[in-house]
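I opened this notebook to record what I looked up in the structure, beginning with the chain as a whole and ending with individual residues.

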Amino acid sequence: IEADGLAVLTRIISSPKVPGKLWLSNLRAKALPRADRLGDSDPYLRVFLEDQEQRTEVIMDTSRPVWEEALFFEVEDVAAASLIILVFDWNEYDAHKFMCMTRVHLAELVSDAIEGGSLQSVGSISDSELLSKITRSEHSVPIRNGD
């Protein structure tokens, strides 16, 4: 590790945890791969943050689902947490099939709102602003696994 890298690493390690709350609503996906032989997929989400997991309802027969339910997470450290979203295709008789996933580092979304070890209120982030931040992030690349 070079001197500059060591200074950054020391600052990260010595920084206090930044707690926060995350509220996700109106999650949606586009152009999901077809996972069923007949019709479109029956997608649902499994969402992970730190040691928490939540699952959405199944949306039947669509490649463009919108989950209108809200998911709420208590975040121990916004600066270090990653949100992982997995999309599965629900099947009544067979194993549910993994479709795709994405990972978002929360610090990249709220970096402008962290001041003095605490998170200032960021309100809601618009779809276009969030998509822009995720797209610019080298760590938040959607991973697709389709047949």
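The entries below follow the order in which I consulted the model.

**Entry 1. The chain as a whole**

I note at the outset that this is a predicted model. I looked up the secondary structure and found three helices and nine strands in the protein chain. I then read the elements along the sequence and wrote down the pattern α-β-β-β-β-β-β-α-β-β-α-β.

I next turned to burial and surface. The protein chain has 147 residues, of which buried residues make up 32%. For the accessible surface of the protein chain I recorded about 9700 Å², with 53% belonging to carbon and sulfur atoms. I also checked the contacts between residues at least 6 apart in sequence: 63% of them join residues at least 24 apart.

**Entry 2. Strand β5 and its partners**

I asked how many of the eight residues of strand β5 are buried. Strand β5 spans residues 82-89, and seven of its eight residues are buried, so the strand is largely enclosed by the rest of the structure.

Which strands pair with β5? One partner is strand β2 (residues 43-49), which pairs with β5 in the antiparallel sense over seven bridges. In that pairing I located Pro 43 opposite Asp 89 of β5. Another partner is strand β6 (residues 97-105), joined to β5 by eight bridges and also running antiparallel to it. There I located Leu 83 opposite Val 104 of β6.

**Entry 3. Aromatic pairs**

I searched for aromatic ring pairs, and the count came to three. I examined Tyr 44 and Phe 88, whose ring centres are 5.7 Å apart with planes at 20°; the pair is therefore stacked. Tyr 44 lies in strand β2 and Phe 88 in strand β5, so this pair ties together parts that are 44 residues apart in sequence.

Are these two residues buried or exposed? Tyr 44 has 4% relative accessibility and counts as buried. Phe 88, at 12% relative accessibility, likewise counts as buried.

I then examined Phe 88 with Phe 98. Their ring centres are 5.8 Å apart and their planes stand at 75°, so I entered the pair as edge-to-face. This pair links distant parts of the chain, with Phe 88 in strand β5 and Phe 98 in strand β6, ten residues apart. Phe 98 has 27% relative accessibility and counts as partly exposed. I therefore drew Tyr 44, Phe 88 and Phe 98 as a cluster linked by ring pairs, with buried Tyr 44 at 4%.

**Entry 4. The surroundings of Tyr 44**

I returned to Tyr 44, which lies in strand β2, to list its neighbours. Leaving aside residues up to four places away in sequence, Tyr 44 touches several residues, including Thr 56, Glu 57, Val 58, Trp 67, Leu 86, Val 87 and Trp 90. Arg 55 and His 96 are also among the residues it touches, and I looked at each of these two in turn.

What sits over the ring of Tyr 44? I found the charged end of Arg 55 there, 3.9 Å from the ring centre. With His 96, the side chain of Tyr 44 makes a polar contact, side chain to side chain, at 2.8 Å.

I also looked up a C-alpha separation for Tyr 44. Its C-alpha atom and that of Pro 65 are separated by 8.5 Å, and the two residues are 21 residues apart along the chain.

**Entry 5. Positive phi values**

Finally, I consulted the backbone for positive phi in residues other than glycine, and I entered two cases. Asn 26 is not a glycine, yet has a positive phi of about 50°. Its place is in strand β1 (residues 20-28), and at 38% relative accessibility Asn 26 counts as partly exposed.

In Glu 50, phi is near 50°, again a positive value in a residue other than glycine. Where is Glu 50 placed? I found Glu 50 in the loop between β2 and β3 (52-55). At 36% relative accessibility, Glu 50 counts as partly exposed.

Definitions and conventions. Residues numbered from 1 in each chain as written. Predicted model: local features only at pLDDT ≥ 70, side-chain atom pairs only at ≥ 80, totals over all residues. Heavy atoms only, no water. Buried < 20%, exposed > 50% of the residue type's maximum accessible area, 1.4 Å probe, protein only. Helix = DSSP H or I, 4+ residues; strand = E, 2+ residues; numbered from the N terminus. Pairing = 2+ DSSP bridges. Contact = heavy atoms within 4.5 Å. Areas by Shrake-Rupley, 256 points an atom, 1.4 Å probe, with all protein chains shown as cover. Phe/Tyr/Trp six-rings, centres within 6.5 Å; stacked < 30°, edge-to-face > 60°. Lys NZ or Arg CZ within 6 Å of the ring centre and 35° of its normal. Polar contact = N/O pair within 3.5 Å; in protein donor to acceptor, adjacent residues only side chain to side chain.
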